[in-house]
Amino acid sequence: MNLNCSSNELAITKVDRDDSGFYVCAARNYAGYINTTFFVNVQYPPYVLISEQKVSIVAGAHAILRCPVNANPAAEIQWITPVWFQGPRLTITKVNISHDGQYSCRGKNFLGTTVASLQVQVMTPPHIVDLKLVHLLNNIVSISCVTIGTPESVVDWIDLTPSPAGFFNVHDGNLQIEKKYINNMKFLCNASNVYGWMTKHVAVPSSPYNFNTTKISSSSVTFSWLTDDSEIISNFIVERRSISDWVTINSSVISPWFEDRNLSPFTTFLYRVSAENVLGTSKLGGSFNVSTKEGVPSYPSKLEAKSRSLTSITVYWEPPTEPRGQLTNIVYEMYYKESTTLPENEVKIAVENMKGHIRIQKLKSNTLYIIKIRAGRQTDGGLNWSDYRWLRTRTLQKAPTTAPKEIKAVSNGPRKIYVTWERSHTYVEGYKLQYKEYESINLTTVVQIKSWNTSSYMIMGLTASRYYEIQLNMFTTGGDGPWSHPKVVHTEADRLALPGPIASSSGSLPWKIAVGGSVLAVILLLLLLLYIYLMRKSNHKERSDTKRTKKKSRKHGGYDFTDNMSGVSNESEGSTEGVYNVNIVNDHIDLSMFDNSHHTIVAPETMYVENPILPTHQDDSDDSDEAVRLATFIARPSPHPTPHLTGRRQLDASHVNPAYHSDEDDDMYSLNVDRAATTKRYQTDENSNNPVYAQVDLAKKERDKKNSRE
C-alpha cells in the first residue's frame, strides 16, 4: 500500500486487492479529539489459488477436488473437464481408472474469467486385459501380457503345463516358446505393483457356458454367458442357425452378452458361442435355442368381393400368408365407402369372427364401393396392425328392360355378316349376339361382347348362300335383357367354289381350292426352272462349239466355212460392212469376228472385199442350221497378198462348201453357177488378181437365232 497524506487528503497509488480494508481518519486540538472510520472495497477479476498441478488418487477411494478462486466480487465457479459440475468442490466416489485425466475449473465475474487445470492420476493395481503374440525366428513366438495400472506392473511367468512344454524363456517380461507347444501349454501370467497384483491363465480359452436369455421380443433376443475369470479372452464368436447351416453373425463381441436383432417373429433360433485369443479358439460348446415372440401378421390374402344382390356385397379373404404367430389370435378390421365420397365418410366394421367372409348390406345399387381390410394382433406394444389391402366392387345393376336399337346386319362376302347397333345410353356390362341358320334345327351360337361402348361385330365362318337369323340383347350384373327381333340375312354366293354339291356341302371348300392352287403354282414354277436350265445348257453348248471351231480354224491358218457359225452379237442391228482378207483354204466365214460390232471396220489397204452378192428373201425360212449361205462365193487373192498367205496349196473342188450342193439350194438361194463354173472363175480370177467378193447378213442371223429360242 502506498499512502500519500497531505493536509486532509489520503491518496492510495497502485491500488491492488490488498488495499481493501477499513481506514480511520482522526483529528485533535486543544479542545478535544475526534475520528471517523470508512471501508475501501477494491474489486478485481478472479484468479485460482492451486498449489499443486498434479495429484494421485488410489482407485476405490473417495476424492474431493477444490477450486480456490479469489475474486471481488465473488466469482462463479464451474468444473468443465472431464465432467460438468457447478461449485468449488468436486467429489468423486469410488475412484477408478476412468477418472484418470485432466480436470479444469473456471472462475468468472464481470471483471474477467480465469481457468485453472489439475492433472489427476488414478493409482490402480495391475489388470491383465489381453495377450500379444509376436513371431520370432526358428518357429519361436513371443507372448506378452497386456496390462493396465498405475504405476507400471512387473510381470512374472509360471509354468503349469502337465508335461514339459519344451524350450521356453522369459525375456523383458515376455514368454518365448516354440510355436508347436502353443495349443497344449498352460502358464500363469502374474502382474504386480505397489497397489496390488493379478494372475491370469495363459492358454487357449475354454468354451463359454451357462447361457441365459435376458430379453425376448418379436424381432430380437438378448442373451449372456459365463467364462472362466482366470482366462485371458480377446473376443467371442456368436453363431446362429434357424433352418440352414450355422452362420457367424458376429466375431468381435467383447462383452459376455449379445443382442441379435432383425429376426423373424414366432421363430425358433439356435445359438452357440466360442471364446478366442491370440493362442486359438475354444472348442465348440453346447448350443441353446431361443424363440421370438409373436409379431404383427401380414395383410389378409386372397381378398375378393362379390355383389350378390342390388344392395349388398360379400367380402371373402383368407388368413395372412405370414401369420407370425398363432392364427387364433388374429383380428381383422374393415372399412368401406362409396368411391365418390371423402375418406371421412368411411364406415368401420369390426370383424370378430374367423369365418373369412362378411356381408355388407344396405348399399346402393349400381354403385362402386372401395373396401379395405387389415389384420392385427395384440403384442407387448399393444394392438398392432398390418398394412391395408384395397379392392373396388360395384353392386349389381338392374337387368335391361329393352333390347338394343337400330340393329343392322349385312352380308360381307360369302362367309361373313357385319352387324351394327346403337350403343346403349346407360351403363351395361356388354352385349350378347346369337345367330343360326334360318329355320334350322341346329344349335344357336351365342357370342358375348364384354364392352358397353361397342356398337359392331363381324360374324365369320359362315356358309355361302345361306339365310341366317341374328338376334342381340344387353346384359348387366343383374341379368340379361330381352332379345331383339330376328334379322334375316342371306350370305353371298362363293364364286370361287366348284359347281354342284361339292361347292355347297361343307365349308371346307375354300381351303381345298387354296391347297390345289398352291400345288399347281409349285408345279408351274418347277417347269419354268427346268425350261431355263435347258436353254442355258443349249446356249452353253453353242458357245463351246464356237470356241472349238475358232481354235480349229486358227490351227489350219484360215476360216472353216463348213462349220456352224455362232457368236453373233445380240446387239447387231444389220450387216457389218468392211474390207476383209478372205483366205481361200476354207470356204466358211467365222461370224465370231463380227461380235459386238456396230461400226464399219476398214481393213488394211492390202486386203479388201468388193461387190458382195446379197442373199434372197427366201433365206428367212431356212432354219436347218446357223450357217449363213452365200449365193456366190469367189475367193481371190488380194492385189497385195500378205506374206502369211503365200505358199499355201491351191483351192480345188473339194474345198467348196458342200452345204451349197444340198437339195435345198434352190429354195434358199438362186444359184446360177455350177461347181465347175465356180472353179473356173476362181482360176481365171486368180490369174487376173481380182479381189474376193463376200457379204454377211448379221441382222438375219440375229433374227434366226431369236426365232429358234422362241
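In the predicted model, strands S15, S18 and S19 form an open sheet, arranged in the order S15-S18-S19 with antiparallel pairing. The edges of this sheet are occupied by S15 and strand S19 (196–202); each has a single partner strand, so one side of each is left without a neighbour in the sheet. On average, neighbouring strands of the sheet are turned by 20 degrees against each other, direction ignored. The contact between S15 and strand S18 (residues 187–193) consists of six bridges, and the two strands run antiparallel. Within this pairing, Val 154 has Ser 192 of S18 as its bridge partner.

A further open sheet of three strands has the order S20-S21-S24, and its pairing is antiparallel. Strand S20 (209–216) and strand S24 (257–260) are the edge strands, each of which pairs on one side only. In this sheet, the average turn between neighbouring strands is 20 degrees, again with direction ignored. Five bridges connect S20 with strand S21 (residues 221–226) in the antiparallel sense. One residue pair may serve as an illustration: the bridge partner of Lys 215 is Thr 222 in S21.

Several loops contain backbone features that deserve separate description. Two of these features are cis peptide bonds preceding proline. The bond from Asn 72 to Pro 73 is cis, with omega near 5 degrees; Pro 73 belongs to the loop between strand S8 (69–72) and strand S9 (76–81). Thr 150 and Pro 151 are likewise joined by a cis peptide bond, for which omega is about 0 degrees. Pro 151 is situated in the loop that lies between strand S14 (140–150) and strand S15 (154–159). The second of the strands flanking Pro 151 is thus S15, an edge strand of the sheet described at the outset.

Positive phi angles in residues other than glycine form a second group of backbone features. Asp 172 is not a glycine, yet its phi is positive, near 55 degrees. The residue is placed in the loop between strand S16 (168–171) and strand S17 (174–178). With a relative accessibility of 67%, Asp 172 counts as exposed, because the cut-off for this class is over 50% relative accessible area. Asn 262, also not a glycine, has a positive phi of about 55 degrees. Its location is the loop between S24 and strand S25 (268–277), where S24 is an edge strand of the sheet S20-S21-S24. Asn 262 has a relative accessibility of 77% and therefore counts as exposed.

The C-terminal direction of the chain brings the description to a helical segment. For residues 513–534, an unreviewed UniProt entry lists a "transmembrane region". In the model, the chain over residues 513–534 is 100% helix and 0% strand, and the C-alpha atoms at its ends are 32 Å apart. A nonpolar surface patch of about 860 Å² is made by Val 515, Val 519, Leu 520, Ile 523, Leu 524, Leu 527, Leu 530, Tyr 533 and Leu 534. Val 519, one of the residues in this patch, is found in helix H2 (residues 509–555). The relative accessible area of Val 519 is 47%, and the residue is therefore classed as partly exposed; the class lies between the buried limit of under 20% and the exposed limit of over 50%.

Key
Residues numbered from 1 in each chain as written. Predicted model: local features only at pLDDT ≥ 70, side-chain atom pairs only at ≥ 80, totals over all residues. Heavy atoms only, no water. Pairing = 2+ DSSP bridges. Helix = DSSP H or I, 4+ residues; strand = E, 2+ residues; numbered from the N terminus. Axes fitted to C-alpha atoms, helices over the stretch in contact; angles between N-to-C directions. UniProt positions renumbered as here; feature names shortened; annotations may be inferred. Patch = residues over 30% accessible without salt bridge, like charges linked within 9 Å, V, L, I, M, F, W, Y side chains within 5 Å. Areas by Shrake-Rupley, 256 points an atom, 1.4 Å probe, with all protein chains shown as cover. Salt bridge = Lys/Arg side-chain N within 4 Å of Asp/Glu carboxyl O. Buried < 20%, exposed > 50% of the residue type's maximum accessible area, 1.4 Å probe, protein only.
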